[in-house]
Amino acid sequence: MISLQLHGEQDLRLEDVQVAEVGKGDVKIKVAYNGICGSDLHFYYAASRSGWSRPRNIGHEISGVVAEVGSDVSDVSVGDRVSVYPIDSCGSCVQCVDGHPVLCEVLDRSVSTVGCGSPIGGMGEYCVVPNHLIIPLPDGLSLAQGALVEPIAVAATAVERAQLKADSVVVVSGGGPIGIGAVLSLEAMGITNFVVSEPSEARRAALTNLTSARVIDPTSEDLPAIVRELSGGRGADVVLECAGAGAAFDAALAIVRKRGKIVMIGLFEKPYQLLPNGIALNEISIVGHNGSTQDVFRTVMRWMEEGKIPTDSWVTYVPLAESVEGGFEPLRRGEEIKVLVDIAGSSSEE
Ligand SMILES: [Zn+2]
Ligand SMILES: [Zn+2]
């Protein structure tokens with residue numbers, strides 16, 4: 001099959017590779033779409049997993065149609081339309097039982113997440129996935145929506161952790177591939193007092209179509225003043241930090257209220273210098289967030305069925321053969337929000 005293989009930093013190649021064997025508990029999917037995630041950009045531009053063997057599969061935002069099932073699989077059939085929950089876990093350790101599969105104590109996260117360490121990846125014609133990671137798509141959802149569930153679920157799980165109230169004042173820092181999920185989750189949850197801060201003009205234009213919230217340019221507008229205005233001078237109750245950049249984290253500390261919360265969702269590519277005294281002096285809570293849960297996956301699917309998650313104006317489709325020039329590069333330049341690699345040529349049919 002044809003697959004996009006990561007050979008190293010800024011070195012992705014389309015290659016003919018062997019499809020993995022379908023084990024007893026596995027499901028083979030004919031991939032329809034695979035979304036390009038912020039973490040894929042890190043793998044491509046910053047080679048952040050230097051311990052990885054190369055070449056390797058990437059891609060964890062997967063939808064497709066079941067092509068074959070292993071002999072032990074009875075709840076999924078050939079022809080079913082499915083999405084993949086990418087975080088594998090043991091299901092029985094203390095973290096798994098507590099509902100945090102991404103923190104599983106048994107499986108090594110660096111080799112167990114689909115497309116982010118495991119040998120499985122969605123950037124090819126087929127992928128073979130353990131059945132417990134398969135989430136069937138409800139009838140009302142398109143295959144394109146199926147590939148958008150994962151990135152929105154990551155943000156939605158983070159928003160859930162922020163424990164917002166209906167009148168919480170929230171700032172979404174960064175309106176890229178992760179920030180968009182936060183914006184759409186806040187909208188779906190009925191939170192209205194929020195501001196999105198995003199330096200890219202193209203992204204701001206797309207975001208303005210998706211939210212009634214104020215979308216501002218932090219390089220030319222006074223974000224702290226806008227947040228003070230929105231919050232009666234107190235500052236943001238919660239900052240959802242989706243940018244993963246020093247300047248954005250500094251800005252988050254400057255706009256969060258005393259005893260407020262910063263939820264860190266975006267990952268940094270390099271260290272930066274921070275004088276953290278403001279965290280102590282203003283009793284700020286810094287909450288780390290990683291991944292999603294299957295429950296939130298299903299919640300996002302329900303939002304999609306209810307029409308709460310628009311999928312036009314922020315999603316671009318590219319064929320597999322053009323995924324570097326048409327996907328990775330414009331995403332890196334901040335020109336796109338979400339790119340779905342159309343692996344089976346489905347976007348012309350939907
Ligand atoms: Zn993702
Ligand atoms: Zn576990």
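Let's start in a loop: Gln 10 sits between β1 (2-8) and β2 (11-16). This is a predicted model, so take every value here as computed from predicted coordinates. Most residues other than glycine have a negative phi. Gln 10 goes the other way, with a positive phi near 50°. As for its surroundings, Gln 10 has 14 other C-beta atoms within 10 Å, so it counts as partly exposed.

Another glutamine invites a look right after that one. Gln 163 isn't a glycine either, yet its phi is positive, at about 50°. You'll find Gln 163 in the loop between α4 (143-161) and β9. Is Gln 163 buried or exposed? It has 12 C-beta neighbours inside 10 Å, and because the cut-off for exposed is 12 or fewer, Gln 163 counts as exposed.

Now zoom out to the domains. The protein is divided into domain 1, covering 2-142 + 311-342, and domain 2, covering 153-288. Their C-alpha centres are 28 Å apart. Where they meet, 12 residues of domain 1 are in contact with 13 residues of domain 2. On the domain 1 side of that contact, helix α1 (residues 38-46) gives the largest share, with three residues.

Next comes the sheet. Strands of a sheet pair through backbone hydrogen bonds, either parallel or antiparallel. Here six strands form an open sheet, and the pairing is parallel. Reading across, the order is β11-β10-β9-β12-β13-β14. The edges are β11 (214-216) and β14 (285-288), each of which pairs on one side only. From one strand to the next, the twist averages 20°.

Let's walk through part of that order, beginning at β9. Strand β9 (residues 170-173) pairs with strand β10 (residues 194-197) over four bridges, in the parallel sense. In this pairing, Ser 173 stands opposite Ser 197 of β10. How does the chain get from β9 to β10? Helix α5 (residues 179-189) joins β9 and β10 in a β-α-β unit, and that unit is right-handed.

Stay with β10 for a moment. In a regular strand the side chains alternate between the two faces of the sheet. In β10, Phe 194 and Val 196 are on one side, with Val 195 and Ser 197 on the other. Both faces of the strand are covered, and these four residues are all buried.

On to the edge. β10 and β11 pair in the parallel sense over three bridges, and Val 196 stands opposite Val 215 in β11. To go from β10 to β11, the chain crosses through helix α6 (residues 201-208), in another β-α-β crossover that is right-handed.

That helix is worth a closer look. Which residues of α6 are buried? They include Arg 203, Ala 206 and Leu 207. Viewed down the axis of α6, the buried residues fall within an arc of 100°, so they line one face of the helix. What covers them includes α5, β10 and β11. Turn to the other side of α6 and you meet Glu 201 and Ala 205, both exposed.

Conventions
Residues numbered from 1 in each chain as written. Chains lettered and ligands numbered in written order. Predicted model: local features only at pLDDT ≥ 70, side-chain atom pairs only at ≥ 80, totals over all residues. Pairing = 2+ DSSP bridges. Helix = DSSP H or I, 4+ residues; strand = E, 2+ residues; numbered from the N terminus. Axes fitted to C-alpha atoms, helices over the stretch in contact; angles between N-to-C directions. Buried ≥ 20, exposed ≤ 12 C-beta atoms within 10 Å, placed from the backbone. Right-handed = clockwise from strand over helix to strand, strands pointing away. Arc of directions from axis to C-beta. Contact = placed C-beta atoms within 7 Å. Domains from an automatic or database assignment.
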